[in-house]
Amino acid sequence: MILLVSARTSSLACRLAFVLAGLPGEVRDLSLRGGEHRTPEMLALNPKGQVPALILDSGETITETPAIMLAIGEMAPASGLIPAEGAARWRVMEWLSWYAYQFPRAFQPAFRPAIFGPPPAENQIREGGLTRVAEVLAFIEASLGARDWLVGEAVTAADLTTAMMTSFAGFVGVVPPDALMAHRRRVFALPALAETLKAEGFAA
Ligand SMILES: N[C@@H](CCC(=O)N[C@@H](CS)C(=O)NCC(=O)O)C(=O)O
């Protein structure tokens, strides 16, 4: 099994899940700048030309963060990343679906406003994105309350997409609420993640 990622991109969340799950296989870090995700070989594996992508031993490729998280969680049930059943499972899927909508809606205009409109509109588009980033973080903060983890008593896939978004907020210059910084510290302190976080360029 191979997980295709690129350091300092949203693929971080699936990369953390893959490592926490302890699945056999390789994490392959592609340079987006170098176009490594769009070589003929990579496009044959994933015509979307994006990371993350999970290449199964069968040769099938699974894309989209929520689907990859589900695959990883189901292949490693003991990890608890995707709870086995009931409301906890549905709640994690709810967070992942919400992430899949909110991340491009909020963070992409903040990162790359030029994709969404011509130069005169860029600043306004960026500002709109930054406002939505702050709203997304405030919503997570309110949902987390005084708890350590978003769902249940241990880390789940929902905490990994959240920790990634908390990091990305910093990249676009939005200061995350203290509670989310503390939440990210809890995620990043998981011993299994130390090497991966170093490889992604996060200080120990
Ligand atoms: N909907 C996808 C989005 C993946 C995505 O946007 N990946 C970006 C990195 S953050 C990418 O590969 N960009 C390179 C490109 O589109 O050429 C998911 O949630 O996994």
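Student: Which residues in α6 meet which residues in α7?

Tutor: On the α6 side they are Asp159, Leu160, Thr162, Ala163, Thr166 and Ser167, and on the α7 side Leu180, Met181, His183, Arg184, Val187 and Phe188. By class, that contact has 6 nonpolar, 4 polar and 2 charged residues. Keep in mind that this is a predicted model.

Student: What makes α6 oblique to α7?

Tutor: Start with the value: α6 (residues 157–172) and α7 (residues 178–188) pack at an angle of about 120 degrees, with their axes 9 Å apart. Roughly perpendicular runs from 65 to 115 degrees, and roughly antiparallel needs over 145. An angle of about 120 degrees fits neither of those ranges, so α6 is oblique to α7. As for handedness, the crossing of α6 and α7 is left-handed.

Student: Why are α1 and α3 called roughly parallel to each other?

Tutor: Their axes cross at roughly 5 degrees and come within 10 Å. The cut-off for roughly parallel is under 35 degrees, and therefore α1 and α3 earn the label. The contact is made by Ala13, Cys14, Ala17, Phe18 and Ala21 of α1 with Thr65, Ile68, Met69, Ile72 and Met75 of α3. That set comprises 9 nonpolar residues, 1 polar and no charged ones.

Student: And what makes α3 roughly antiparallel to α4?

Tutor: Here the axes of α3 and α4 (residues 86–111) cross at roughly 150 degrees, coming within 9 Å. Angles over 145 count as roughly antiparallel, so that is the name for α3 against α4. This crossing is right-handed. Thr65, Pro66 and Met69 in α3 meet Leu96, Ser97, Tyr99 and Ala100 in α4. Sorted by class, they give 5 nonpolar, 2 polar and no charged residues.

Student: How do you know that domain 1 and domain 2 touch?

Tutor: Contact means C-beta atoms within 7 Å, and 11 residues of domain 1 are in contact with 11 residues of domain 2. The domain assignment gives 2–79 + 195–199 as domain 1 and 86–190 as domain 2. Their C-alpha centres lie 20 Å apart.

Student: Which elements give two or more residues to the side of domain 1 that touches domain 2?

Tutor: Those are α1 (12–21) and α3 (65–75). The most comes from α1, with 5 residues. By class, this side of domain 1 has 8 nonpolar, 3 polar and no charged residues.

Student: What surrounds the ligand?

Tutor: The shell is Thr9, Ser10, Leu32, His37, Gly49, Gln50, Val51, Pro52, Glu64, Thr65 and Ala100. It divides into 4 nonpolar, 6 polar and 1 charged. Glu64 is in that shell, and Glu counts as charged.

Student: Why is Gly49 counted with the polar ones?

Tutor: It's a matter of convention: Gly is put among the polar residues, so Gly49 of the shell goes there too.

Student: How do you know that the peptide bond from Val51 to Pro52 is cis?

Tutor: Look at omega, which is near 0 degrees for that bond. Pro52 is in the loop between α2 (40–45) and β3 (53–55), and both Val51 and Pro52 are among the residues around the ligand.

Student: What is the phi of Arg8, and where is Arg8?

Tutor: Its phi is positive, about 65 degrees, although Arg8 is not a glycine. Arg8 is in the loop between β1 (2–5) and α1.

Definitions and conventions: Residues are numbered from 1 along each chain as its sequence is written. This is a predicted model: local features need pLDDT of at least 70, side-chain atom pairs count only at pLDDT 80 or more; totals for chains, interfaces and linings use all residues. A residue is near a molecule or strand if its C-beta atom, placed from the backbone, lies within 6 Å of it. Axes are lines fitted to C-alpha atoms, for helices over the stretch in contact, and angles run from 0 to 180 degrees between N-to-C directions. Helices (H or I, at least four residues) and strands (E, at least two) are DSSP runs, numbered from the N terminus. A crossing is left-handed if the near helix is turned anticlockwise from the far one by less than a right angle, and right-handed if clockwise. Two residues are in contact if their C-beta atoms, placed from the backbone, lie within 7 Å. Domain bounds come from an automatic or database domain assignment.
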